[in-house]
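User: I've got a model open and I'd like to learn how to read its surface, its inside and its confidence. Can you walk me through it?

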Amino acid sequence: MTARGIHAGEHAPDAEDLDVEEVLALVNEGSTGSCDSAVPPPSTSPAHPPQGTPRKPDTDQHKATPWPEARAIAGRAARTGSRRAPVSVPLDSALGLVLAAPLVALSDLPSFDTSAMDGWAVAGPGPWAVREDGVLAGHARSEPLSDGEAVRIATGARVPADATGVIRSEHGRTDDKGRLHAARDVGHGQDIRPRGQECRSGDHLLPGGTLVTPAVLGLAAAAGYDTVTVVPRPRVEVLILGDELLTEGLPRDGLIRDALGPMLPSWLRALGAEVIAVRRLRDDAKTLHKAITGSTADLIVTTGGTASGPVDHVHPTLRGMGAELLVDGVKVRPGHPMLLARIKDDQHLVGLPGNPLAAISGLLTLAEPLLRTLSAHPATEPYALPLQDAVHGHPYDTRLIPAVLRGDSAVPLHYNGPAMLRGIAAADALAVVPPGGARQGQQAELIDLPWAVAGIGVCFT
């Protein structure tokens, strides 16, 4: 898969140039058997109205929230009092968190005059008599230099007092009497990093709200920190619902493998959460009620049970608890029967549909904005790319379609039905297709998948 860093003018392969077995059935090769293909053949039957033809909404659409509005509601759902107090963590535990306070220098950087190069520290005009001893990094302060003296010095070593500058190894030579000569003039302070060049003790290095990257960790360590004050990761508990789910082996006897149990914890960690538990529950209202009321997580994520079938217990359980339903259904496909509820001021629940791709849709629509707010992460800048192929749209709902990024365009993928993971497993992003669909070349908003932006090694730690 190719990230979106390819520059304009570089060769962007056509879909036909890609290995279908590697990229998994790109749109313009046609589909035979996908229940929700990206570009189905034209049809004039009532079940498939032409693109852009208005259709009366389903009976459950009156309460469904438009997709952009649902994301906005989720982003502001966490009240100020629901955000956890800042914590102090060791540097090796801070990667990916957000600074809760400014990073203030605890010492000058550098804390003493330092040689920027291997060579000789010299005082006054040359040539110079070279001392027998040398100055190495990490050693105690050496004797001051007198005019006409030089001493061998290593990069990072403390520069002796009264030194004029440092001559790089390649710019100096010694004669047969052991005297040092410079190949070029030596300026005052040459190749010396003076104390406090980067900052003085007490300087504000970074503001609160800064994402802790590897570079931030390095700066904090250089400035004297062993720990930093950060916004803690939101704690998430995952409840996998369903009597029909297997945790190992092949599907059999009407039972299917659980795809969400292995997938959701890693995805939630990629979104900045601390997953404190993953529990599998049978389809039982009392069991669900006990699990929700006994959870100490900031966010509870359930899978399945959000519709109105005989064993869909999420809605009745939330009603019985007096939870505040913030989003009840979203005008998006897949994933329409998702929900967001406030259980307490400091606790929320995101109900995901049971179908895997629909669950991912719910995760990125409702859980991601809420987790971003709880962890104080800044929102990513939206961006759009032209679609390499046309995409059939739902008459009145947004569609989220897995896509790969090829140069300056997005290629929609097949296998994008609610129960399918084959398309998303090959994708770099989800393309946001408005109601009515999108034509070839039309700009579509893209939601990057975490690993396509930062890499698995960073996102899933």
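User: How much accessible surface does the protein have, and what share of that belongs to carbon and sulfur atoms?

Analyst: Keep in mind that this is a predicted model. The accessible surface comes to about 22,100 Å², and carbon and sulfur atoms account for 52% of that. As for the inside, 46% of the 461 residues are buried.

User: How many cavities of 30 Å³ or more are there?

Analyst: The general idea first: rolling a probe the size of a water molecule over the atoms shows where empty space is left. Here the count is two cavities of 30 Å³ or more, and the largest cavity holds about 60 Å³ of space.

User: Which residues line the largest cavity?

Analyst: Look for L241, then R282, D283, D284 and L288, and after those G305, V311, H313 and V314. Sorted by class, that lining has four nonpolar, three charged and two polar residues.

User: What about the fold: how many helices and strands are there?

Analyst: The protein has 28 strands and ten helices. For contacts between residues at least 6 apart in sequence, 72% join residues at least 24 apart.

User: And confidence? What is the mean pLDDT?

Analyst: pLDDT is the predictor's confidence in each residue, from 0 to 100. The mean for this protein is 82, with 82% of residues at 70 or more. Over residues 1–61 the pLDDT is below 50, and that stretch has 110 contacts in the model beyond near neighbours in sequence. Residues 455–461 also stay under 50, with eleven contacts beyond four places in sequence.

Definitions and conventions. Residues are numbered from 1 along each chain as its sequence is written. This is a predicted model: local features need pLDDT of at least 70, side-chain atom pairs count only at pLDDT 80 or more; totals for chains, interfaces and linings use all residues. Side-chain values use heavy atoms; hydrogens and water are left out. Contact means heavy atoms within 4.5 Å. On a 1 Å grid over the protein atoms alone, a cavity is a set of points where a 1.4 Å probe fits but cannot get out, and a pocket is an open set with protein on both sides within 12 Å along at least five of seven lines; lining residues have an atom within 4 Å of a point. Grid points are joined across faces, edges and corners, and a volume is the space filled by probe spheres set on the points. Ala, Val, Leu, Ile, Met, Phe, Trp, Tyr, Cys and Pro count as nonpolar, Asp, Glu, Lys and Arg as charged, and the others, Gly among them, as polar. Helices (H or I, at least four residues) and strands (E, at least two) are DSSP runs, numbered from the N terminus. Buried means under 20% relative accessible area, exposed over 50%, partly exposed in between (1.4 Å probe, protein chains only). Accessible areas come from the Shrake-Rupley method with a 1.4 Å probe; for residues, only the protein chains shown count as cover.
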